[in-house]
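User: I'd like to go through this protein slowly, starting with a single residue and then working outwards.

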Amino acid sequence: MSTLTGTYNLDPAHSSVGFTVRHAMVTKVRGEFTDYEASITVAEDPSASTATGTVRTESIDTRNEDRDAHVRGEDFFAVEQYPEMTFNATSFDVDANGNGTVTGDLTIKGTTKPVTFEVETFGVEEDPFGNIRMGFEARTTINRSEFGIDFQAPLNSGGMMLSEKVGIEIEGSAIKQ
């Protein structure tokens, strides 16, 4: 892990924190959060690595203002009462290239549950401005109702408007500090 070691901060100008949820059981709605920060410390011994992240829930963007307003409300994120989601890594199971899994505590709406992200690291490069960047992708799936996001509307077919499963996707470019 020696080429990756160090502390990195996620660069919001070159990263994204997104999600997908099945809508009406026939398609997926994609969205992202535009206000977030994260720090990753990659240790020589991967088990000593750390990662933390904070997402401001009000920054949700699904490209539909009416839907965003609804999702910010009590049926979903209740952003007035719960303005942030957080993640704190508790274990790393990655190889020398930074590929593997990172497990940690995800807190949404005051509920904390363990989640495991599948992580693929693309390496470290120096950009034209002298910044050392680490690129990675991290993905997981959560059950939204386990975090108190249990809004539902029935469909005529007997199904529900939104799936319980929500995919979380992080496309990261992090700058070494």
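**Charges, rings and surface**

Analyst: Let us begin with Glu171, which counts as partly exposed because its relative accessibility is 29%; buried means under 20% relative accessible area, exposed means over 50%, and partly exposed is in between (1.4 Å probe, protein chains only). Please keep in mind that this is a predicted model, in which local features need pLDDT of at least 70 and side-chain atom pairs count only at pLDDT 80 or more, while totals for chains, interfaces and linings use all residues. Residues are numbered from 1 along each chain as its sequence is written, and side-chain values use heavy atoms, with hydrogens and water left out.

User: Ok, and which side chain does Glu171 meet in a salt bridge?

Analyst: Its partner is Arg139, with 3.2 Å from N to O; a salt bridge here is a side-chain nitrogen of Lys or Arg within 4 Å of a carboxyl oxygen of Asp or Glu. The two residues belong to distant parts of the chain, since Arg139 is in strand β10 and Glu171 in strand β11, 32 residues apart. Strands (E, at least two residues) and helices (H or I, at least four) are DSSP runs, numbered from the N terminus. Like its partner, Arg139 is partly exposed, because its relative accessible area is 35%.

User: Why would two side chains pair up like that?

Analyst: In general, side chains of opposite charge can pair when their charged atoms come close.

User: How many salt bridges does the structure hold?

Analyst: There are 10 salt bridges in the structure. One of them joins the side chains of Asp35 and Arg56, at 3.2 Å from N to O, and this pair also links distant parts of the chain, with Asp35 in the loop between β3 and β4 (36-42) and Arg56 in strand β5 (residues 50-56), 21 residues apart. Asp35 counts as partly exposed because its relative accessibility is 34%.

User: What about Arg144, is that one buried or exposed?

Analyst: Arg144 counts as buried, because its relative accessibility is 4%. The side chain of Arg144 meets that of Glu164 in a salt bridge, 3.9 Å from N to O. Arg144 lies in the loop between β10 and β11 and Glu164 in strand β11, so the pair ties together parts that are 20 residues apart in sequence. Glu164, for its part, counts as partly exposed at 30% relative accessibility.

User: Which residues do salt bridges with shared partners join into one network?

Analyst: The network is made of Asp35, Glu37, Arg56 and Glu84, and Asp35 and Arg56 are the pair described earlier at 3.2 Å.

User: Switching to the rings: how many aromatic pairs are there?

Analyst: A search of the whole structure finds four; rings of Phe, Tyr and Trp (its six-membered ring) pair if their centres lie within 6.5 Å, and planes under 30 degrees apart count as stacked, over 60 as edge-to-face and the rest as tilted. Among them are Phe33 and Phe77, whose ring centres are 5.7 Å apart with planes at 75 degrees, so the pair is edge-to-face. Phe33 sits in strand β3 (residues 27-33) and Phe77 in the loop between α1 (65-72) and β7 (84-94), 44 residues apart. Phe33 is buried, because its relative accessible area is 5%, and Phe77 is buried too, with a relative accessible area of 10%.

User: And how are the rings of Phe76 and Phe151 arranged?

Analyst: Their centres are 5.1 Å apart and their planes at 50 degrees, so that pair is tilted. Phe76 lies in the loop between α1 and β7 and Phe151 in the loop between β10 and β11, so the pair ties together parts that are 75 residues apart in sequence. Phe76 counts as buried at 9% relative accessibility, whereas Phe151 is partly exposed, with a relative accessible area of 24%.

User: Which residues do ring pairs link into a cluster?

Analyst: The cluster consists of Phe19, Phe33 and Phe77.

User: Last one: which residues form the negative surface patch?

Analyst: The patch is formed by Glu58, Glu74, Asp75, Glu80 and Asp150; patches are made of residues with over 30% relative accessible area and no salt bridge, with like charges joined within 9 Å and nonpolar side chains (Val, Leu, Ile, Met, Phe, Trp, Tyr) within 5 Å. Asp150 is placed in the loop between β10 (132-143) and β11 (162-176), and Asp150 is exposed because its relative accessible area is 53%.

Note on methods. Areas by Shrake-Rupley, 256 points an atom, 1.4 Å probe, with all protein chains shown as cover. Lys, Arg positive; Asp, Glu negative; His and termini not counted. Charge placed at Lys NZ, Arg CZ, Asp CG, Glu CD.
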